[in-house]
Amino acid sequence: MRIYLLLCFSALLLPHCLGGDALKLIMEAPEWEEECGGPLTLYDNGGTKTVVTKDENEMKVRVDKVKFEGNCCFTLHSLKRGRGRTYYLLRRGEHSAEEIGWSRVRSVRRVECDILA
């Protein structure tokens, strides 16, 4: 109980000690956007890139790597219309064809991240 009271008191006193700007930063913290956004970039062996921001039901890209940015989650599929083998992109960054398990991507789906957790 003492630790809880000390933490509460510190939280109230800290912005006052740091000045008004610290309190303003705490009170006006940015909110995360509800809607997902950000690109998924597919790179082939020749250096050509394909940028995806929404569902793509029919495509034909032989990927060397995939770069995932933004706050969405995507699934890659080996067949058209979201069928075939599936690779879940749950983390940002680059994913190689070796990680994915195949190189020919035929469709991409943008999905809610919380349904994959």
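**Asp-44, side chain**

I started at Asp-44 and followed its side chain to the backbone nitrogen of Thr-48, which it reaches at 2.8 Å. I then found a second backbone nitrogen on the list: the Asp-44 side chain gets to that of Gly-46 at 3.0 Å. Note to self: this is a predicted model, so I'm treating these distances as computed values.

**Asp-44, surroundings**

Where does Asp-44 sit? I have it in strand β1, which covers residues 40–44. Next I checked exposure. Relative accessibility comes out at 23%, so I put Asp-44 down as partly exposed, since the buried class stops under 20%.

I also wanted its contacts beyond the neighbours within four places in sequence, and got Arg-62, Val-63 and Asp-64. Then I looked at Lys-65: it is 21 residues from Asp-44 in sequence, yet the two C-alpha atoms are 7.0 Å apart in space.

**Thr-41, in β1 too**

I moved along to Thr-41, which also has its place in strand β1. Buried or exposed? I get a relative accessible area of 6% for Thr-41, so it goes down as buried, the limit being under 20%.

Leaving out residues up to four places away in sequence, I listed what Thr-41 touches: Lys-49, Thr-50 and Val-51, plus Lys-65, Val-66 and Lys-67.

**The β5-β4-β8 sheet**

Next I turned to a sheet. I see three strands in an open arrangement, ordered β5-β4-β8, with antiparallel pairing. Why do β5 and β8 each have a side without a neighbour in the sheet? I find β5 (86–89) and β8 (107–111) at the edges, and each has a single partner strand, so one side of each stays unpaired in the sheet. On average, neighbouring strands here are turned by 20 degrees against each other, direction ignored.

I took a closer look at β4, residues 73–77: it pairs with β5 in the antiparallel sense over four bridges. For Phe-74 I noted Leu-89, in β5, as the bridge partner.

**Whole chain**

Last, I pulled the overall tallies. I count three helices and eight strands in the protein chain. Reading from the N terminus, I wrote the order down as α-α-β-β-β-β-β-β-α-β-β.

How many of the 117 residues count as buried, as a percentage? I have 25%. For the accessible surface I noted about 8,600 Å², with 55% of that belonging to carbon and sulfur atoms.

Final entry, on contacts: among those with a separation of 6 or more, I find that 60% come from residues 24 or more positions apart.

Key
Residues are numbered from 1 along each chain as its sequence is written. This is a predicted model: local features need pLDDT of at least 70, side-chain atom pairs count only at pLDDT 80 or more; totals for chains, interfaces and linings use all residues. Side-chain values use heavy atoms; hydrogens and water are left out. Helices (H or I, at least four residues) and strands (E, at least two) are DSSP runs, numbered from the N terminus. Buried means under 20% relative accessible area, exposed over 50%, partly exposed in between (1.4 Å probe, protein chains only). Contact means heavy atoms within 4.5 Å. A polar contact is a pair of N or O atoms within 3.5 Å; within protein, one must be able to donate a hydrogen and the other to accept it, and residues adjacent in sequence count only if both atoms are side-chain atoms. Two strands pair if DSSP finds at least two bridges between them. Axes are lines fitted to C-alpha atoms, for helices over the stretch in contact, and angles run from 0 to 180 degrees between N-to-C directions. Accessible areas come from the Shrake-Rupley method with a 1.4 Å probe; for residues, only the protein chains shown count as cover.
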